Amino acid sequence: MHRKLLSLIVMALIGTMCVGAQVSLDSCRNMALRNNKQIRIADEQIRKAGYEKKQATAAYLPSLDFTGMYMYNSKELSIFDSDQLLPTKTFNPQTGTYDFNLVVDPSTGVPIKAPDGSYIPSQVALIPKSAMTYDIHNVFGGAVTITQPVWMGGKIAAMNKLTRYAETIAKNLRDQKAQDVIYSVDAAYWQVVSLRAKYDLAVSYVALLDTLSRNVTAMKEAGFATKADVLNVAVQLNSANVDLTKVENGLSLSRMALCQVCGLPVDQPIVLVDEGSVIDDASMAPADYNINDVYSRRNDLQALDLSIKAYEQKANVARSAMMPNVAIVGSYSFTNPNMFNGFKKEFDGMFSVGAMVTIPIWHWGGNYNKYRAAKSETLVKRLELEEALEKVELQARQASYKTTEAIKNYGTATSNIEKAEENLRQAQAGYREGVLSVDDVMKAQTAWLKAHSERIDAAIDVKLCNVYLAKVLGTLHN
């Protein structure tokens, strides 16, 4: 709740700053990284991986558990099914032993046997059934157990390595998503700058046509132009006003798109630092690169390489299921009724210490096939890494070529500006001198508009190509 409130306060402060000051590209990047849902998900994945790493480390340490139990039994426990009569013995001084007290024949002195062949005791000891009956209606029990793993087939060590790799992978994927966000912010930012420049250009073009319209109207009144010339310029002016409206609407929509990427309300009024400034990228050039350095900088490739190591540890975990497990166990268990002292209604218990060994013998190949499946997953990740390396090399070459091409196009577009402006100046002068027609002037104005528009597109293309090249080379940082 406090975190959400703090986020709202930060958003309000950002909105206030956006209204009162211009927003830079770095500010847009920071806002996007702070508010992007995918980045926040990636941050939570990093925290999750950290918790799992701590969980794996805890497996090295002894575990302490408590178990409590209550049971209600509907019957009592009786050792005998009836009263028991036990024969007794008397000490015989002549033999020095104890002899059973038996019924003897007075005439012969020989013990008398019953019909079943057993001797008949002359004295018995009575053990009533009730004396050996115990109340177990309410039974309480519990145990405190401590278990220390000694050897788990290498599973604990493998799990610790696996979780460390998983945490690093999560960080690399987070950085990769951050680069994607930065690139999307840059694209939206320069789109606004581009449309603002085109809006200013469209305003200038409308002004040119408006001036031409007034001049043609004045010349018609003086008899030097026709009504067709006036109508032709009017149509072109109306078309330019329509284009100006389209550019204005596109500029508004592009601002909304930038606000959405930055995590601001889409109707938030923002003004960018680079709006209205001259876009000059003639000094930019594609950077030289070493493909091995690119491999080492790319977060996605690092994540794939670590995933191979993680799957190798996963195979070790699967292999541990086929190996013996050894653990030391100690416990203190207690019950009520007291099973150590005649089932009295009291608690009593005992300590126990021992070792536990589990040796897998036969599971119909289940554990071995699980191990082989993990090895296959490792091989799949190796092949994916090899394929990714090939794609990254091609991607780097394409991005470099595209950047070089964008810079050349920018140079060409810049040189065309001078020619278009000179062509427009000559057309305007020729029209004033009466050697060129209105159509020639409008063609020159259209060429002037196209040249400036192409230069804006070329300049923005250079910026985006450089950003994309930095992303491909792994040098794009916030």
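## Exercises on a predicted model

W364 lies in the loop between β10 and α8 (366-433). Keep in mind as you work that this is a predicted model.

### Exercise 1: A residue in a loop

Decide whether W364 is buried or exposed, and look up the sign of its phi.

**Solution.**
- Step 1. Find the relative accessible area of W364, which is 73%.
- Step 2. Exposed means over 50%, so W364 is exposed.
- Step 3. Turn to the backbone: phi of W364 is near 60°, a positive value in a residue other than glycine.

### Exercise 2: An unusual peptide bond

Find out which two residues are joined by a cis peptide bond, and where the proline sits.

**Solution.**
- Step 1. The cis bond joins N336 and P337, with omega at about 10°.
- Step 2. P337 belongs to the loop between β9 and β10.

### Exercise 3: Following a chain of rings

Work out how Y70, F140 and F347 are paired, and which parts of the chain they bring together.

**Solution.**
- Step 1. The structure holds nine aromatic pairs. One of them is formed by Y70 and F140, with 5.0 Å centre to centre and 45° between the planes.
- Step 2. Planes under 30 degrees apart count as stacked and over 60 as edge-to-face, with the rest tilted, so the Y70 and F140 pair is tilted.
- Step 3. Place the two rings: Y70 is in strand β1 (residues 63-72) and F140 in strand β8 (residues 138-151), so their pair ties together parts 70 residues apart in sequence.
- Step 4. Check accessibility: Y70 is partly exposed at 46%, and F140 is partly exposed at 34%.
- Step 5. Move on to F140 and F347, another tilted pair, with 6.4 Å between centres and 55° between planes. This pair links distant parts of the chain, since F140 is in strand β8 and F347 is in the loop between β9 (325-336) and β10 (348-358), 207 residues away. F347 is exposed, with a relative accessible area of 52%.
- Step 6. Widen the view: Y70, F140, Y332, F334, F347 and F351 form one aromatic cluster.

### Exercise 4: The two faces of a helix

Describe the length of helix α3, its start, and which residues lie on its buried and exposed faces.

**Solution.**
- Step 1. Helix α3 (residues 37-58) has 22 residues and reaches 32 Å from first C-alpha to last, close to the 32 Å expected at 1.5 Å a residue.
- Step 2. At the N-terminal end of α3, N36 acts as a cap: one of its side-chain oxygens lies 2.9 Å from the backbone nitrogen of Q38.
- Step 3. List the buried residues of α3: I39, A42, I46, A49, G50 and A56. They span an arc of only 125° around the axis, so they are on the same side of α3.
- Step 4. These buried residues pack against α2 (25-35) and α4.
- Step 5. The face turned away from the buried side carries the exposed residues K37, Y51, K54 and Q55.

### Exercise 5: Two buried residues of α4

For N160 and I182, say whether each is buried or exposed, then look at what each comes up against.

**Solution.**
- Step 1. N160 is in helix α4, and so is I182, with α4 covering residues 155-221.
- Step 2. Buried means under 20% relative accessible area, so N160 at 4% is buried, and I182 at 2% is buried too.
- Step 3. Leaving out residues up to four places away in sequence, N160 touches K53, A56, T57 and Y60.
- Step 4. For I182, compare C-alpha positions: its C-alpha and that of H477 are 8.3 Å apart, although 295 residues separate the two along the chain.

Conventions:
Residues are numbered from 1 along each chain as its sequence is written. This is a predicted model: local features need pLDDT of at least 70, side-chain atom pairs count only at pLDDT 80 or more; totals for chains, interfaces and linings use all residues. Side-chain values use heavy atoms; hydrogens and water are left out. Rings of Phe, Tyr and Trp (its six-membered ring) pair if their centres lie within 6.5 Å; planes under 30 degrees apart count as stacked, over 60 as edge-to-face and the rest as tilted. Helices (H or I, at least four residues) and strands (E, at least two) are DSSP runs, numbered from the N terminus. Buried means under 20% relative accessible area, exposed over 50%, partly exposed in between (1.4 Å probe, protein chains only). The expected span of a helix is 1.5 Å times one less than its number of residues. The arc is that of the directions from the helix axis to the C-beta atoms. Contact means heavy atoms within 4.5 Å. A polar contact is a pair of N or O atoms within 3.5 Å; within protein, one must be able to donate a hydrogen and the other to accept it, and residues adjacent in sequence count only if both atoms are side-chain atoms.
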